Amino acid sequence: MKFGKKLGFLALLMSIVLILGACGKTGLGNSTGNSTKNVIKKSAKDLKLGVSISTTNNPYFVAMKDGIDKYASNKKISIKVADAQDDAARQADDVQNFISQNVDAILINPVDSKAIVTAIKSANNANIPVILMDRGSEGGKVLTTVASDNVAAGKMAADYAVKKLGKKAKAFELSGVPGASATVDRGKGFHSVAKSKLDILSSQSANFDPT
């Protein structure tokens, strides 16, 4: 993703957060439709957000964190950032800590799209809105998911490989973190092209680690 698109991604994300405060939508309501948390209109400077990043060992997510930090600072939004270090259990604990701190919303970049479901449901039960970043979840209620089209990205990667290496070129596939929606979706896009145009000798996880 180009730098300009990253800025657009963060601007959209934080705009959603500001709308939360301006409209007073700081509670989602529980499963019965009855809110257990008073809905209060808040200005940006009164918002308190929890941000869970999958890892800060990846330059992309460092840029995401830095962008959120800068935007929040400019708008005087209080944020708490937790690095899950690609550990789904640790991320679940981080989200639970945000819930205990009674934040107004939780922004999550999931380590694992299935494992994060329980944490999202806990936030739902506490009437705390959840916004997902870059990766989706397999359950729970989220206000929105802000992400690029990872299926299209996978297709682009395969098309580029075919263009540079030629049809039926032998290739190895290095994928992302197992269980992450971005990994699954990029894999779908990649294989939709590669299965007929490349000879994939082997596939293994690289955990989105560029090193």
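**Close-up 1. A salt bridge within helix α2 links D69 and K65.** In this predicted model, D69 forms a salt bridge with K65, and the closest N and O atoms of the pair are 2.8 Å apart. That distance falls within the 4 Å allowed between a side-chain nitrogen of Lys or Arg and a carboxyl oxygen of Asp or Glu. Because D69 and K65 are four residues apart in helix α2, about one helical turn separates them. As a general point, side chains of opposite charge can pair when their charged atoms come close. A search of the whole structure finds three salt bridges.

**Close-up 2. Strands β1 and β2 are joined with helix α2 in a β-α-β unit.** Strand β1, which covers residues 48-53, pairs with strand β2, residues 78-83, in the parallel sense, and six bridges are found over this pairing. Within it, V51 has V81 of β2 as its bridge partner. Together with helix α2, which spans residues 59-75, the strands β1 and β2 make a β-α-β unit that is right-handed. Helix α2 lies across β1, β2 and β4, and its direction is at about 165° to that of β2.

**Close-up 3. Five strands form an open sheet with parallel pairing.** The order of the strands across the sheet is β2-β1-β3-β4-β5. Strands β2 and β5 (144-146) stand at the edges with a single partner strand each, so one side of each has no neighbour in the sheet. On average, and with direction ignored, neighbouring strands of this sheet are turned by 20° against each other. At the β5 edge, strand β4 (residues 130-133) runs parallel to β5 and is joined to it by three bridges, and I131 has T144 in β5 as its bridge partner.

**Close-up 4. Helices α5 and α6 pack against each other.** Helix α5 covers residues 150-165 and helix α6 covers residues 181-197; they pack at an angle of about 35°, and their axes are 7 Å apart. The crossing of these two helices is right-handed. Among the residues that meet here are V151, A158 and V162 from α5, together with F190, V193 and A194 from α6. Sorted by class, the contact of α5 with α6 includes eight nonpolar, four polar and five charged residues.

**Close-up 5. Q204 in strand β7 contacts residues from another part of the sequence.** Strand β7 comprises residues 198-205, and Q204 is found in this strand. When its neighbours within four places in sequence are left aside, Q204 is in contact with E173, L174 and S175. Q204 and G176 are 28 residues apart in sequence, whereas in space they are 8.7 Å apart from C-alpha to C-alpha.

Technical notes. Residues are numbered from 1 along each chain as its sequence is written. This is a predicted model: local features need pLDDT of at least 70, side-chain atom pairs count only at pLDDT 80 or more; totals for chains, interfaces and linings use all residues. Side-chain values use heavy atoms; hydrogens and water are left out. Axes are lines fitted to C-alpha atoms, for helices over the stretch in contact, and angles run from 0 to 180 degrees between N-to-C directions. A crossing is left-handed if the near helix is turned anticlockwise from the far one by less than a right angle, and right-handed if clockwise. Contact means heavy atoms within 4.5 Å. Ala, Val, Leu, Ile, Met, Phe, Trp, Tyr, Cys and Pro count as nonpolar, Asp, Glu, Lys and Arg as charged, and the others, Gly among them, as polar. Two strands pair if DSSP finds at least two bridges between them. A crossover is right-handed if, with the strands pointing away from the viewer, the path from the first strand over the helix to the second runs clockwise.
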